[in-house]
Every structure is written in structure tokens, then in C-alpha cells.
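This report covers two topics, the disulfides and the strand pairing. The sequence and structure come first.

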Amino acid sequence: MSHYNVLNGYKLVATLLLLWFAFSAADKHTDPSHAAQHQEQTAHSSVGLDELVIVIQSQRNSYHARRGGQRKVEILQQAATLGQGVPVIILLHELSEYEGVWSILPMINKSEETTVTLAAVLQVLSRYQVQEEWFLGRRLHDNEASIIHHYAFSEDPISFGYPDPAAGWALSAPLLQRLAERLQHENLKSDFTIDLKHEIALYIWEEGNGPKLTAVPEFCTEQRDDCATTFTTYLPNCGDPVLKKDVFVAVKTCRKFHSERVPVVKATWEKDAGLLEYYSDVPDASIPTISLGVPNTERGHCGKTFAILRRFLSQTLPKADWLLIVDDDTLISLPRLRRLLRCYDPTEAVILGERYGYGLVQKGYSYSTGGAGMVLSRTAVSRLLSSGCSCYSDDAPDDMVLGRCFTALRVPITHSPLFHQARPNDYPETLISMHQAISFHKHWNINPVAVYRDWLQDAQPRDEL
């Protein structure tokens, strides 16, 4: 594949998942003296900086593109201080026009917001024979069989490890070369990409024919003196949160869930909304709900979602910069969301949430999965409706249709790991995005009010207008 040409001749490829977001490192730069103290230790290393490829999984959204560029500059400044050569640094969003490059299927990929100490990285990598296949990173594992991993290793979920994207991960060149050849000659399935970190580990493991992840303690998410990579937060500080009146919240419900799910919303996060409406198949004054004239469907709900989009742009509602569409069994932290949205430009076409992919190996499309919550700027909604793109049926999957439409419009799906399509117990507790989460989805086999209290409810913020 042409994507791999830039990698030829390098002993090691550090696929440092410098996160899906580029926030906190602005606040934390590497001290050149710290890098210098490792220089003598790494001088004898079998890997030099000029034999290292760092791929930053940047995103095309202007905020993330800018932060990815800043990260690249910081790494090059470290390299100049060390004087041991210059690594190849790739911003993923610049590598291809195809939005699906974030997936394992069309190419091996990487990311944006982890702080890297180059000298320490070289010191870590020098422990591993570069002629061998290595898959290195901070090890995560499932504590119980998880729906988002298709219940893989259900008999012993702890036995399979996959990399923590916050800490970064690395592949040796022999492993990368074999994966490249495999991708060229293998007939890959063209279906869903859901959880990249788990799926790439499965692909590399190849049912026991490839290496398992080797845990590297210096790939860190918490600061320690021996860390080669560190991480602070997925949730940025870009200034004061956007105001409540700038976010319109649309809750999708239906008659059979009026007494079951809606009371949970009212008991948890509704109080944090400035503008909110419940959309159902029938009006119910006790909630109240609004009927948009779209009959309820058992799945998909595309007709209802497009009716919400049209209502959002109508004169009926106050003019808000952002639209949040959630299911009635979505739990969400609106204060954290408003803090996150300060980083984005509402005059730009933005669709934000947890990114999934469909048919990416066949030039398919990405989409923001609905259960985790979909956030759209007013500009994005306007571009979508002006394009004429629409549902092929009322029960078509709304999130996938939106993804297909935005792909046709060349509007990128912006990913945040703080949105979660499943419940907290479907993820490792050590995953850092869990503790700064914006959303979780589904009430099945949990106490949703307790989940909201334990995972999403912060100290009561001061009132905003």
C-alpha cells in the first residue's frame, strides 16, 4: 500500500497514540534539561531518532489539526536538543484525504495528545531487539465480557491485552511490514469499526499467530519520573464553558418509555439543560413531549432525527449554536460537554461524538454513534439540510445516515473518547476517559441514577445564564 512507503527503512515505528484530543499538553512542556540527562544513556541505543516514525492521530477539525501541529513542533524541538537525528513525524489528517484512515483496516494508525520524552522513548525501545516483532504499550484488559468487544474472550477476558491510547503504543518495523503485506493480500471484511484499540490488538494477535501486546510501564497515563510518555486529561480547558443557552438538547423518546426512561432523565441531568425538548410519537403534557408527526419505529429513528434537525433551524426555537441529540436512555454530563464545546468553532461544520466506522476498507464512512450522543453545530445542520441528503426510510439508522451524508459533504466526524455508547462496566476502569466521561448509554442491568451520580455528576457548578 502507498500509505506505507514513508515507513520503509525504519527499524521501529512508534505509533504513539497521542490521543484522540489535543488539549492538556499545552499546559505541560518537556524540560530540555530532562531530555539532556538521558542523552548519554541513549547514545549507545540500537535505535536512533532518525530511525523512528511518530504518527500523530490528528483530526481534520481545525481545533485538532492545530493541536496536532503544535505537538509536532514540540517533538521536533526535543529532537533538536538531543542532537541525535530527526524522527519522521506524520500528522494523520495530512496523510490522506480519506477520512477513514483512522481505522486499522485501510492503514495502521495513531493519535494526538500524549506528551512524549524522546530520550526516554529511545531508552525504552533499546530494550527490544529491532529484528523481532514487537507490539508495545500500556496494557488494558476487560474485567468481564463486553458487548463493545463482541464478548471476545468471554471465558477469560483478563487474558487478552490491548493498548491504552492515552499512553501511546509502538510497533517494530518487522511487525509493521508483515501487517502491511497481510493487508495487501488479505480479503478483509467490510463491516463495522467500533473500538479501534481492541480491534487492532486482535488483528495483530491474529488468533495466536502474531504477538500479544507487551506491557511497557514507561508508557504512562499518570506522571512518574521514569515515564517515556505521559498524559493529563481528555477534557480540555479552552476557557469558560459555553453558556446553557448555546446548547439545545433534543431527547428522543416514545410512548412506552415515558414512565420508564424519562423519569431517569428528570432525576439526573435534565436540571443542567437550559434548552431541552422531549420528542415522542405522542404528545404527553405531563412531561411534556412534542410529537413531530413521525410514527415511532422499533429501530433507526432516522425520520424523527431529521424532523428534529428541521425544527432546530426553524423560527419556533431559540437560536442556539449547538444541537445535542440523545436517546432517552443516555446519561450525560452537560457541564462537561459545555466545557468541551468551548474548544470548537460553532461557525464551522462540526459533528462531534464517539466515532464508529462502516465499510472503511471499501471507502465507506465514519459516523457519530447515536447512543453516546451526537453534537452538531448550527452550521453543520444547515449544510446537511441544504444538501438535500435525507433518510431512505423512517426506520433507517439515523447516526449512520448522518455519517454518510456528512462524508458526501466532506465534513469530518470529530471523535471524542469521552462519549460512550455502552455502560461503565463495559469498559476497563483504568481507561482514563471513564473518569472524565461526558456520556454513557443503556439502562440494562444497572441503576442508571447511581451510574450518573458515580461517573457523571460533578460538584454543583455556579449558575450560568
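A disulfide is taken here as a pair of cysteine sulfur atoms within 2.5 Å. The model is predicted, so local features need pLDDT of at least 70 and side-chain atom pairs count only at pLDDT 80 or more, while totals for chains, interfaces and linings use all residues. Residues are numbered from 1 along each chain as its sequence is written, and side-chain values use heavy atoms, with hydrogens and water left out.

**Disulfides**

The structure holds four disulfides. With the bonded cysteines of the protein chain numbered in sequence order, they pair as 1-2, 3-5, 4-7, 6-8. Among them are the three in the table.

| Disulfide | S to S distance | Torsion about the S-S bond |
|---|---|---|
| Cys220 and Cys227 | 2.1 Å | -100 degrees, left-handed |
| Cys238 and Cys343 | 2.0 Å | about 90 degrees, right-handed |
| Cys389 and Cys405 | 1.9 Å | about -80 degrees, left-handed |

For the surroundings of these cysteines, buried means under 20% relative accessible area, exposed over 50%, and partly exposed in between (1.4 Å probe, protein chains only). Helices (H or I, at least four residues) and strands (E, at least two) are DSSP runs numbered from the N terminus.

In the link of Cys220 and Cys227, Cys220 is buried at a relative accessible area of 1%, and Cys227 is buried at 3%.

The disulfide of Cys238 and Cys343 is right-handed because the torsion about its S-S bond is about 90 degrees. This pair links distant parts of the chain, 105 residues apart. Cys238 lies in the loop between strand 11 (229–230) and strand 12 (247–252), and Cys343 in the loop between helix 10 (334–341) and strand 17 (351–353). Cys238 is partly exposed, with 31% relative accessibility, whereas Cys343 is buried at 8%.

In the disulfide of Cys389 and Cys405, a torsion of about -80 degrees gives a left-handed link. Its cysteines are 16 residues apart, with Cys389 in the loop between helix 11 (378–387) and helix 12 (398–408), and Cys405 in helix 12. Cys389 is partly exposed at 22% relative accessibility, and Cys405 is buried at 1%.

**Strand pairing**

Two strands pair if DSSP finds at least two bridges between them. Strand 18 (residues 355–358) runs antiparallel to strand 9 (residues 192–193), joined by two bridges, and Phe192 has Tyr358 as its bridge partner. Strand 18 is also antiparallel to strand 19 (residues 365–368), with four bridges; here Arg355 is the bridge partner of Ser368. Strand 18 and strand 19 form a hairpin with six residues between the strands, in which Gly359 takes a positive phi near 60 degrees.

A separate account is needed for the open sheet. Seven strands form this sheet in the order 14-13-12-15-20-17-21, with mixed pairing. Its edge strands, strand 14 (289–291) and strand 21 (413–415), each pair on one side only. Direction ignored, neighbouring strands of the sheet are turned by 30 degrees against each other on average; axes are lines fitted to C-alpha atoms, for helices over the stretch in contact, and angles run from 0 to 180 degrees between N-to-C directions.

Within the sheet, strand 12 pairs in the parallel sense with strand 13 (residues 275–280) over five bridges, and Ala250 stands opposite Glu277 of strand 13. Helix 11 packs on the sheet, touching strand 15 (322–327) and strand 20 (374–377), where contact means heavy atoms within 4.5 Å. The direction of helix 11 makes about 85 degrees with that of strand 20.
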